Amino acid sequence: MDFTFTEDQQLFADSVKDFLQGEITAESIRASWETETGRSDELWAQITELGLPAMLVPEEFGGLGMTELDVVLMAIECGRVALHEPIVEMAMVATPLLAALAPNNEKCADLLGQIAGGEAKVAIAHTVNHVVADAHIADYLILPHADQIHLVAQADVKLEAQESVDPSRRLSTVDWTPSEATCIASGAEGVALLAATLNRGALASAAQMIGLAEAMVARSVQYSEERQQFGKPIGVNQALKHHMANCAVKTEFAKAPLYRAAYVLSMKPESADFAISHAKVVAGEAALFAAKNSIQLHGAMGYTWECDLHIWMKRSWALDKFWGHAGFHKNRTHQWLMNPNAQIGADNTFGAVAI
Amino acid sequence: MDLNYTPEQNAFRKEVRDWLAANVPAEPLQSFDIAEGFEQHREWEKTLAEGNWGMVTWPTEYGGRACNLIEWLIFEEEYYKAKAPLRVNQNGIFLLGPTLMEYGTPEQKERFISAMASGEEMWAQGWSEPGAGSDMAAIRSTAFRDGDEYVINGQKVWSTRAVFADWVFCIFRTEQGSERHKGLSFVFVPLDAPGVTVRPIPQLDGLPGFAEIFFDDVRVPVENRLGGEGEGWSIAMATAGFERGLMLRSPARFQETAKRLVELYRENQNEIMDLTIEDAVVKSYMDAEAYALSTYQTASRLIKGGKIGAEASLNKIFWSEMDQKMHETAMSILGARAELLPHAPAAGDVGTWLEGFMFAQSGPIYAGTNEVQRNIIAERLLGMPRK
């Protein structure tokens, strides 16, 4: 029993953090809002150079062969800077699906190689989401159709842009016709892959929301020192201290469930539903709560477009609902818990995990 | 990261489980807040100590098993699962014990630790005073030197279990004219010493669970001082760290409460009209699980040489408010039965929820109020300005 990350996992997350903190600023995010795609080839080239698209691509297909557990800390860092490039979803959600099929599917294997090399991008749809993120810059789309999964070139579909409250998010609906040629999985395999995909999407969102929550609290704490009223920084007021302390408590106790979810998903994905849903619910609560308390601390400034807080706040609002909203995930934990055969109680903390 | 127990850890769990199965009293003990129940619990502490299960994390020389924190968590899980009695000497074993091991002289360790572990000597805590609650540095009770003795005068209050305990560990002002955190010392006083008066304070359930203690020219030898003269504050802070940190409230306690809550909900599911109850039950279970996961994470980190600091305040807020919420939810499920005391014939077996509910009201208050903890988090963990 050892519930800590390895030094390598920490170092990897730290190196990505250093890179992101150096490159991604509120100014650069705002600048991206003014561009047509909202995405930057130059930044993507740097992300590729760091090997990020290849993280969860198996080594035999030209990737780094990492697991969800290896990258979950990195996903937190992407949330912390409110990264707008689609690396988390592409690397943590789309590529594992392709990797599951690649041993018996040349098309998937080829595409994985291109993704790992930074030559192709892929976006992924799911019935739980109404829209697809970053389809507009993807070369290929992974699209579900009943129990089937299709891999379709972007050129063969019609996208309609759907504007999000978060200007960093670029969303689309997809008009397309399934064909035998594009089908890469169906039946029980398709259903299982779509279920696993939902869990990966939920994990990726949960991790980013932890970073978003901590970033909002850090910004608010800083603002509470700068902003003076009654001749003192507003941060001396206990009411505001307690708003921030409450955020810290919520975020802290969302972390261990997230790490457990990453562990179970990487070791025993078929048993991950409860752990994933727990992590998604509490990370969402932490991020929404940090958003609410942060705008309150900022006062009228927090309600402006000019104040950077909304970059993080709006991403939180969006990700809390993406890859299964709280109702969906609470319902899953309820189903699990109310089963009379559920193994619950003090000696079952890792009961669902035991491998 | 490896979330599997090792074969050794599984074997340890089995050993704990087997011992508890053979030794936990079949009938629940009476409340340790009455004389008879206190003695029953003292007996139980003796039984635990005889099996070397009193404090598994302590070194073997003090009757422990030198267990690491993961093994401690396993022990606690089995302990609460077996419905073993609550620990009557928790002030001693959870708070003073670790403090003694860190700051005590060899003679003090020899004199006090084994007797504490065996239940022979029970400890109360004497820190708060009528004018020094959250603001503990406002302590006014004094212990002034007279040769090889301290002469103690003043009053302590909210001393848990002092009515039946043998000793109290206190903070007194030992330097004339000193103020605030300076000039305080950590001193042990036998509760049967001449000049000590213990007046029980009935708590919310009517039982004398705590007391006020009056000191009138009480004399104790200077050997009863823990650490150096004037170091009382920093030693007390270390003790408070143990209190808020890991040891006081292990996750197993809350996981078992959450499990009972899930069962209570299932049994009463068809009669529940309040649609929010279901969510509260699920949330309670997930929170108890989150607390357990977080504790395992902290334990793993500490085993690898990490330290726990102000983040202990996060724990204290989380478990105390979770405990309140769980019991509030149980009360809601029980409806009109909720107010019945355990011995009321119509209470059946649900009266213990009321006891837990009442005790849960004290969680956000003792061991430093949650408001004080929030200030600590904001200032020391997040860096918000003090003034």
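**Strand pairing, sheets and the A–B contact in a predicted model**

Strand 5 (residues 158–163) of chain A and strand 6 of chain A pair in the antiparallel sense over six bridges. The questions below start from that pair, and the model they concern is predicted.

Q: Through how many residues does a hairpin join strand 5 of chain A to strand 6 of chain A?
A: The two strands run antiparallel to each other, and in this pairing A:Glu163 stands opposite A:Arg170 in strand 6 of chain A. The connection between strand 5 and strand 6 of chain A is a hairpin, and the number of residues it passes through is six.

Q: Over how many bridges do strand 2 and strand 6 of chain A pair?
A: In strand 6 of chain A, A:Ser172 is the bridge partner of A:Val132, while A:Leu171 stands opposite A:Ala133. Strand 2 (residues 132–133) and strand 6 (residues 170–175) of chain A are antiparallel, and the number of bridges over which they pair is two.

Q: Which strands stand at the edges of the sheet with the order 2-6-5 in chain A?
A: This open sheet is formed by three strands of chain A, with antiparallel pairing. Each edge strand has a single partner strand, so one side of it is left without a neighbour in the sheet, and the strands in that position are strand 2 and strand 5 of chain A.

Q: Which strands stand at the edges of the sheet with the order 1-3-4-7 in chain A?
A: This sheet of chain A is open, has four strands and shows mixed pairing. Its neighbouring strands are turned against each other by 30° on average, with direction ignored. A single partner strand is available to each edge strand, so one side of each has no neighbour in the sheet; these are strand 1 (122–124) and strand 7 (183–185) of chain A.

Q: In strand 3 of chain A, which residue is the bridge partner of A:Ile124?
A: Strand 1 of chain A and strand 3 (residues 140–145) of chain A run parallel and are joined by three bridges. The partner of A:Ile124 in strand 3 of chain A is A:Ile142.

Q: At about what angle does helix 5 of chain A run to strand 1 of chain A?
A: Helix 5 (residues 87–101) of chain A lies across strand 1, strand 3 and strand 7 of chain A. Its angle to strand 1 of chain A is about 90°.

Q: Which element gives the most to the side of chain A that touches chain B?
A: In the contact between the chains, 43 residues of chain A meet 48 residues of chain B. The elements of chain A that give two or more residues to this side are helix 7 (187–226), helix 8 (238–267), helix 9 (273–298) and helix 11 (326–338). By class, the side has 26 nonpolar, 10 polar and seven charged residues. With 14 residues, the element that gives the most is helix 8 of chain A.

Q: How are helix 11 of chain A and helix 8 of chain B oriented to each other?
A: The axes of helix 11 of chain A and helix 8 (residues 276–303) of chain B are 10 Å apart, and the helices pack at an angle of about 80°. The contact is made by A:Lys330, A:Thr333, A:His334 and A:Leu337 on the one helix and by B:Glu278, B:Asp279, B:Val282, B:Tyr285 and B:Met286 on the other, and by class it has four nonpolar, two polar and three charged residues. Since angles of 65 to 115 degrees fall in one class, helix 11 of chain A and helix 8 of chain B are therefore roughly perpendicular.

Q: Which residue in the turn between strand 2 and strand 3 of chain B has a positive phi?
A: Strand 2 (residues 142–146) and strand 3 (residues 149–160) of chain B run antiparallel and are joined by five bridges, with B:Glu149 as the bridge partner of B:Asp146. These strands form a hairpin with two residues between them, and the one in the turn with a positive phi, of about 65°, is B:Gly147.

Q: How many bridges join strand 3 of chain B to strand 7 of chain B?
A: In strand 7 of chain B, B:Val218 is the bridge partner of B:Ile152. Strand 3 and strand 7 (residues 210–221) of chain B run antiparallel, and the number of bridges that join them is 10.

Q: How far apart do the C-alpha centres of domain 1 and domain 2 of chain B lie?
A: The domain assignment of chain B gives domain 1 (7–88), domain 2 (123–230) and domain 3 (245–381). The contact between domain 1 and domain 2 of chain B takes six residues from domain 1 and five residues from domain 2. Their C-alpha centres lie apart by 30 Å.

Notes
Residues are numbered from 1 along each chain as its sequence is written. Chains are lettered from A and ligands numbered from 1 in the order in which they are written. This is a predicted model: local features need pLDDT of at least 70, side-chain atom pairs count only at pLDDT 80 or more; totals for chains, interfaces and linings use all residues. Two residues are in contact if their C-beta atoms, placed from the backbone, lie within 7 Å. Ala, Val, Leu, Ile, Met, Phe, Trp, Tyr, Cys and Pro count as nonpolar, Asp, Glu, Lys and Arg as charged, and the others, Gly among them, as polar. Two strands pair if DSSP finds at least two bridges between them. Axes are lines fitted to C-alpha atoms, for helices over the stretch in contact, and angles run from 0 to 180 degrees between N-to-C directions. Domain bounds come from an automatic or database domain assignment. Angles under 35 degrees count as roughly parallel, over 145 as roughly antiparallel, 65 to 115 as roughly perpendicular and the rest as oblique.
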